Number of protein chains: 4
Amino acid sequence: MTTAPTAKRRTDPERAQNRRNQVLEAAAVCFARSGFHGASMSEISKQAGMSAGHIYNYFDSKDAIILAFVDREAEYVSGLLRDLATREDPLEAILDDAHIHIDESLDPQPWTVPLEMFAEASRNPVIAAKLRENEEVSRAQLRALVKSGRESRQLPVDDVLLDGRLDTMISYFQGLSIRALYRPNMNRASLVEAFRVAMRALLMT
Amino acid sequence: MTTAPTAKRRTDPERAQNRRNQVLEAAAVCFARSGFHGASMSEISKQAGMSAGHIYNYFDSKDAIILAFVDREAEYVSGLLRDLATREDPLEAILDDAHIHIDESLDPQPWTVPLEMFAEASRNPVIAAKLRENEEVSRAQLRALVKSGRESRQLPVDDVLLDGRLDTMISYFQGLSIRALYRPNMNRASLVEAFRVAMRALLMT
Amino acid sequence: MTTAPTAKRRTDPERAQNRRNQVLEAAAVCFARSGFHGASMSEISKQAGMSAGHIYNYFDSKDAIILAFVDREAEYVSGLLRDLATREDPLEAILDDAHIHIDESLDPQPWTVPLEMFAEASRNPVIAAKLRENEEVSRAQLRALVKSGRESRQLPVDDVLLDGRLDTMISYFQGLSIRALYRPNMNRASLVEAFRVAMRALLMT
Amino acid sequence: MTTAPTAKRRTDPERAQNRRNQVLEAAAVCFARSGFHGASMSEISKQAGMSAGHIYNYFDSKDAIILAFVDREAEYVSGLLRDLATREDPLEAILDDAHIHIDESLDPQPWTVPLEMFAEASRNPVIAAKLRENEEVSRAQLRALVKSGRESRQLPVDDVLLDGRLDTMISYFQGLSIRALYRPNMNRASLVEAFRVAMRALLMT
DNA sequence: AATGAATGAGTCTTCATTCAT
DNA sequence: TATGAATGAAGACTCATTCAT
């Protein structure tokens, strides 16, 4: 039985990592519910099932939690792009999966917090730096994907053109998540149609 | 009767309006610098050059300032759309002015705060309501403009299709303002190119 | 026509006195409505139909208004006692008028403020001194009245006994005004009956 | 295992109760000294020997402190009446203990604050409700006591008559506490004499 | 005489953070 | 490792008072 080592509970690094995650998951819930400023350490500690003071054994400050949280979100986006890259024709896949993208963007839950992140970035330079770093990674993933898709279609792939197309796409995705917040009942079918029109133009021309 | 000309300066409504604007302009600076929550009444009062207590003669609460501020932004957007409507062919004008739109979106100053507004709306229902109301107005303006432009080109103008196209356009515009924040050095020329590609597809097909 | 002198409006002392009264009457309304602390100078100034700043031309401070107000109340009580003294048999008159005394005590309006006065006296020594001074006057009036009534009935009138009877009577009157506040629906008929029982015992035995 | 006895001091409810009492006792001092409005949370916190912020771990607001304080006073009065009820002949006991009642009423310390309570009740509905509730309890205690005393003396005990007598007695008690404030040197002996005269008339006739 | 714009000290309350246990 | 009691530095807001006009 490999469970024996866990019996020794002195500064177990695995346990510590679990505790950190526990806090981050609680933070995700609280940040979504109340925002970065609105969520108090007390609220987070209750959600995490741990005392407020104890959280400081795993994070130096509330800002440190926000930072770790921002990192986590980046991994989620990165995962989505990795999945997309495994598809046979990623460009077509983007258009085919339009309804999935739209549905995800319109679901307000997970996207409330990115909004907080952007707002926070505008006054917290550490967050801004981390956000830019994460962005760089995702952007590189998307770029590779679009580039190879366009190459196989013998479309131009020069860097400058690609940059504009990528930023336009990403802007749209992020903007959509904002609109979902205060216009939750948008007609999905027509959004999907327009999404395809715009994306086809950006990706395949 | 030498005192006559100055004697009638009692309860000057113009002066009061000026004071209100003074506060709102100070608030704009502080909100952009520190966010809605980060900007304290004390900070705003210093920027406005008047005591914190005095601000309450013009606004009932900090929330009232935020609300008035949100209204101001709406008027700015509305003005832009009104200008657009006076153009001979507004749809072509959007494409022609692409570089102007892009430049405005990339200028970080005025757009930092809308971001705050969206974030605030996700938990302050009063702000959310005001934001939706403003949105309704701008949206109606843009819709009328796009509709007549498409009609004169004999393109379909059914409501559902129009909705999707509009929401997609607006999403992109708003998303672009966010990107400008943490990717301030985007290549403008290529953004303009991609903007035209996407907008032409949405507006003229 | 004797109205001529009023045409000359330079520092008219009569006019000033009217203004003072105007403020005091406004203060009475506001104090009854909101208490000494609850009533702001702004509230009083609105009620008095005069700017807040101008009040300071007639009173040095809010405390000075309270003080003047306390004096006014004393005059009211003093007047009641003077009226009583003109009655043929004041002691019988007290018992005969029992229902009037009770009705006045139960009417919450004018008595809310005395309560404030007592409360204020417990922390404002100037008010306390004024209150004691006023009390001394009323007490002397009541004492004279009771003494002569008892003398004509050949009852003992030694000072010590009289003191106890007076303080007991006054305590009851003041206590009654308090009870009226949070027990406004007391049965008046039975109060009158008990009033007579107690007062007859104190006055005529 | 020397640490064992102290190890289990987590979330000690007794300690918490002590802290609450500590705050209430500090509040009693401050309220008596400065009144409900005059006493600041900062003043109370200093008196209680703990930070102002910490008080909010035990009370939701300053109003909650006032409310708890009002309740405490009620218990004190209720206790006095309970003691009285155990006496062989409570009615005689009231007359016998006259000097004790008078002494208690004249002691300014604990009675300063009830005055505040009444004043506060006239504009704070929550306090007013609590005060009425407490009053109901004490009144019922006193009523039962008087009723049985009168029954055993074969005196009338109809409800209406009893109401008048009770309200008159209570009015007197409460009024006495007010007089003590700004007439602290009343002659106690003569007060006791008058007290007996009035009470005997109200209770035994 | 009269205004009301303006001030600044003071109020209650919240919350990230620390520390004894 | 874990607690939660405790702190103190904010924050929004109120109000008596002053002063230029």
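**Reading the contacts in a predicted model**

Reader: How many residue pairs are in polar contact across the interface of chain B and chain A?

Author: The rule finds 10 such pairs, with both residues at pLDDT 80 or more. A polar contact is a pair of N or O atoms within 3.5 Å; within protein, one must be able to donate a hydrogen and the other to accept it, and residues adjacent in sequence count only if both atoms are side-chain atoms. This is a predicted model: local features need pLDDT of at least 70, side-chain atom pairs count only at pLDDT 80 or more, and totals for chains, interfaces and linings use all residues. Residues are numbered from 1 along each chain as written, chains are lettered from A and ligands numbered from 1 in the order written, and side-chain values use heavy atoms, without hydrogens and water.

Reader: How many salt bridges are there between chain B and chain A?

Author: A salt bridge is a side-chain nitrogen of Lys or Arg within 4 Å of a carboxyl oxygen of Asp or Glu. Between chain B and chain A the count is 6. In one of them, Asp167(B) pairs with Arg179(A), with the closest N and O atoms 3.0 Å apart.

Reader: How much area do chain B and chain A bury between them?

Author: The size of an interface is often given as the accessible area lost when the parts come together. Here the buried area (1.4 Å probe, summed over both parts) is about 3900 Å², 59% of it on carbon and sulfur atoms.

Reader: Which side-chain atoms lie by a phosphate oxygen of DNA strand E?

Author: Among them is a polar side-chain atom of Tyr56(D), 2.4 Å from such an oxygen. For His54(C) the distance is 2.9 Å, and for Tyr58(C) it is 3.1 Å.

Key:
Buried area is the accessible area (1.4 Å probe) that two parts lose on being put together, summed over both.
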